[in-house]
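Open the model in your viewer and keep the selection panel at hand. We will start with one protein chain and then walk over to the DNA.

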2 protein chains.
Amino acid sequence: MSTAEETSGGEMEPWDEVTPDAARRLLVAAVEAFAERGYHATTTRDIASRAGMSPAALYIHYKTKEELLHRISRIGHDKALDILRTAARREGSPAERLADAVGSFVRWHAGRRTTARVVQYELDALGPDARAEILGLRRQVDAEVRGIIQDGVASGEFDVLDVHGTTLAVLSLCIDVARWFNIDGPRTPDEVGALYADLVLRMVGAK
Amino acid sequence: MSTAEETSGGEMEPWDEVTPDAARRLLVAAVEAFAERGYHATTTRDIASRAGMSPAALYIHYKTKEELLHRISRIGHDKALDILRTAARREGSPAERLADAVGSFVRWHAGRRTTARVVQYELDALGPDARAEILGLRRQVDAEVRGIIQDGVASGEFDVLDVHGTTLAVLSLCIDVARWFNIDGPRTPDEVGALYADLVLRMVGAK
DNA sequence: ACGCACGCTAAGCGCCCGCTCACCTTGGGC
DNA sequence: GCCCAAGGTGAGCGGGCGCTTAGCGTGCGT
């Protein structure tokens with residue numbers, strides 16, 4: 001439960017794929033603004049001025065304010081899914097894989113809290129189509145974690161009565177980190193990741 | 001871990017204390033609107049029309065839209081705290097008290113999901129003074145749960161390394177129910193409460 | 001050397017927001 | 001029967017919203 005070889009706390013900004021530079025600056029500004037004040041309370045003027053540009057500049061790179069949220073949400077969910085897949089598909093016992101998955105997932109939610117907040121809590125601000133796309137990614141996230149837990153149950157390593165419910169609870173626990181985690185607080189993302197990995201192993205009754 | 005004698009799922013509307021009748025109808029309308037679309041995305045016209053009144057009627061009973069949120073948040077936190085205190089101070093072993101606390105707290109977050117959503121997720125929309133008042137209530141919520149866990153550790157019934165961190169995780173798990181719970185979904189509030197009480201007893205290593 | 005595509009800005013349009021105000025009903029006390 | 005407080009309405013205010021448009025500067029291909 002202690003090894004932390006995976007990325008995730010990795011402090012590199014994952015927005016490198018967004019080009020050109022001005023579009024990326026606007027997107028990063030939007031992440032900060034949405035995380036601080038919420039999507040609906042954020043104005044396009046606020047986003048533009050954080051990026052050092054005029055309000056109209058936003059519309060050169062994005063059709064609407066909602067497209068910004070959609071792009072952020074899409075990239076964030078891709079990253080979260082990638083983190084879980086990497087942990088789920090490494091070699092090792094179900095307990096090791098689950099601890100790795102929870103540890104890296106929590107480190108991401110804590111270390112990249114602004115992004116995670118937008119990704120996890122602003123889903124309802126998306127229109128129906130974008131929302132449906134993101135919900136598809138969430139089902140894949142759920143499937144990865146459920147897969148690990150099922151493996152542990154099948155091998156007799158875990159003791160779980162309600163696999164779906166426990167999966168939901170594990171993900172719920174990780175996701176809520178984005179709500180309460182404070183970078184100035186007493187815990188580092190690594191510490192929270194380690195604590196949560198331990199707690200989750202207890203939840204599944206790992207031997 | 002199975003007994004569920006406590007209230008909390010109790011379906012009586014807790015808004016009886018709000019008078020006169022028109023003020024209560026406006027407040028209930030605001031809870032629904034805030035829960036569905038968020039505080040900032042909700043208009044005063046929407047609240048008033050849900051209550052069957054004109055937009056101006058709102059300002060007879062409340063000074064501002066924010067006062068509505070403040071009242072909702074205050075009453076909701078009082079209720080949540082009351083639920084936890086009742087469970088924490090009953091007689092019984094730490095494990096029984098913790099299971100009761102988690103069970104009733106979760107049943108409230110699931111059964112009264114609209115209120116819980118507003119209470120737990122719209123805190124940042126309050127001004128500094130109201131925010132500080134509510135944060136004080138949250139510290140009392142934390143203290144109640146921490147107290148039970150500390151009792152269990154002291155009596156040797158629980159095995160917990162990080163009491164503060166585990167308390168945070170337990171509350172976090174319960175609170176996030178308000179985000180994902182769907183009244184039309186496969187689980188009843190009672191079922192989720194029972195599942196979560198079991199999971200939390202595992203988290204604290206209850207004998 | 002020059003044109004023009006591209007990235008950006010200043011200005012502003014139409015709309016809807018939170019909130020106010022002048023006025024209208026209604027029901028109980030005398 | 002009359003009055004007035006309490007509770008309601010319709011109209012509308014000042015302002016800020018998301019977004020558009022006309023035009024400007026600059027760098028690159030030729």
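Two residues count as being in contact when heavy atoms of theirs lie within 4.5 Å. With that in mind, select chain A of this predicted model. Among its contacts between residues at least 6 apart in sequence, 69% join residues at least 24 apart.

**Stop 1: chain A as a whole**

Switch to a cartoon view: chain A has 10 helices and 0 strands. Turn the chain along its principal axes, and its C-alpha atoms fill a box of roughly 60 × 35 × 25 Å. The radius of gyration of chain A is 18 Å, which agrees with the value near 17 Å for a compact globule of 207 residues.

Now colour by burial. Of the 207 residues in chain A, 56% are buried. Show the surface next: chain A exposes about 9000 Å², and carbon and sulfur atoms supply 52% of that area.

**Stop 2: DNA strand C**

Select DNA strand C and the 16 residues around it. Which of them come nearest? They are A:S54, A:H61, B:T44, B:R45 and B:Y59, so please keep both protein chains visible.

Zoom in on the phosphates. A polar side-chain atom of A:H61 sits 2.8 Å from a phosphate oxygen of strand C, and a polar side-chain atom of B:Y59 lies 2.9 Å from a phosphate oxygen of this strand. For B:T42, show the backbone: an N or O atom there is 3.1 Å from a phosphate oxygen of strand C.

Step back to the helices. Both α3 (58–61) of chain A and α2 (44–50) of chain B supply at least two residues of the surface near strand C. By class, that surface divides into 7 nonpolar, 6 polar and 3 charged residues. On the DNA side, 53% of the strand C atoms within 4 Å of the protein belong to sugar or phosphate, and the rest to bases.

**Stop 3: DNA strand D**

Move on to DNA strand D, where A:T43, A:T44, A:R45, B:S54 and B:H61 come nearest among the 16 residues around it. Sugar and phosphate account for 52% of the strand D atoms that come within 4 Å of the protein.

What does A:R45 approach here? One of its polar side-chain atoms lies 2.8 Å from a base nitrogen of strand D. Phosphate oxygens of strand D are also worth a look: one is 3.2 Å from a polar backbone atom of A:T42, and a polar side-chain atom of A:Y59 lies 2.9 Å from a phosphate oxygen. To finish, highlight α2 (44–50) of chain A and α3 (58–61) of chain B, the elements that give two or more residues to the surface near strand D.

Methods:
Residues numbered from 1 in each chain as written. Chains lettered and ligands numbered in written order. Predicted model: local features only at pLDDT ≥ 70, side-chain atom pairs only at ≥ 80, totals over all residues. Heavy atoms only, no water. Near = heavy atom within 4 Å. Polar contact = N/O pair within 3.5 Å; in protein donor to acceptor, adjacent residues only side chain to side chain. Helix = DSSP H or I, 4+ residues; strand = E, 2+ residues; numbered from the N terminus. Nonpolar A, V, L, I, M, F, W, Y, C, P; charged D, E, K, R; others polar. Rg over C-alpha atoms; globule rule 2.2 N^0.38 Å. Buried < 20%, exposed > 50% of the residue type's maximum accessible area, 1.4 Å probe, protein only. Areas by Shrake-Rupley, 256 points an atom, 1.4 Å probe, with all protein chains shown as cover.
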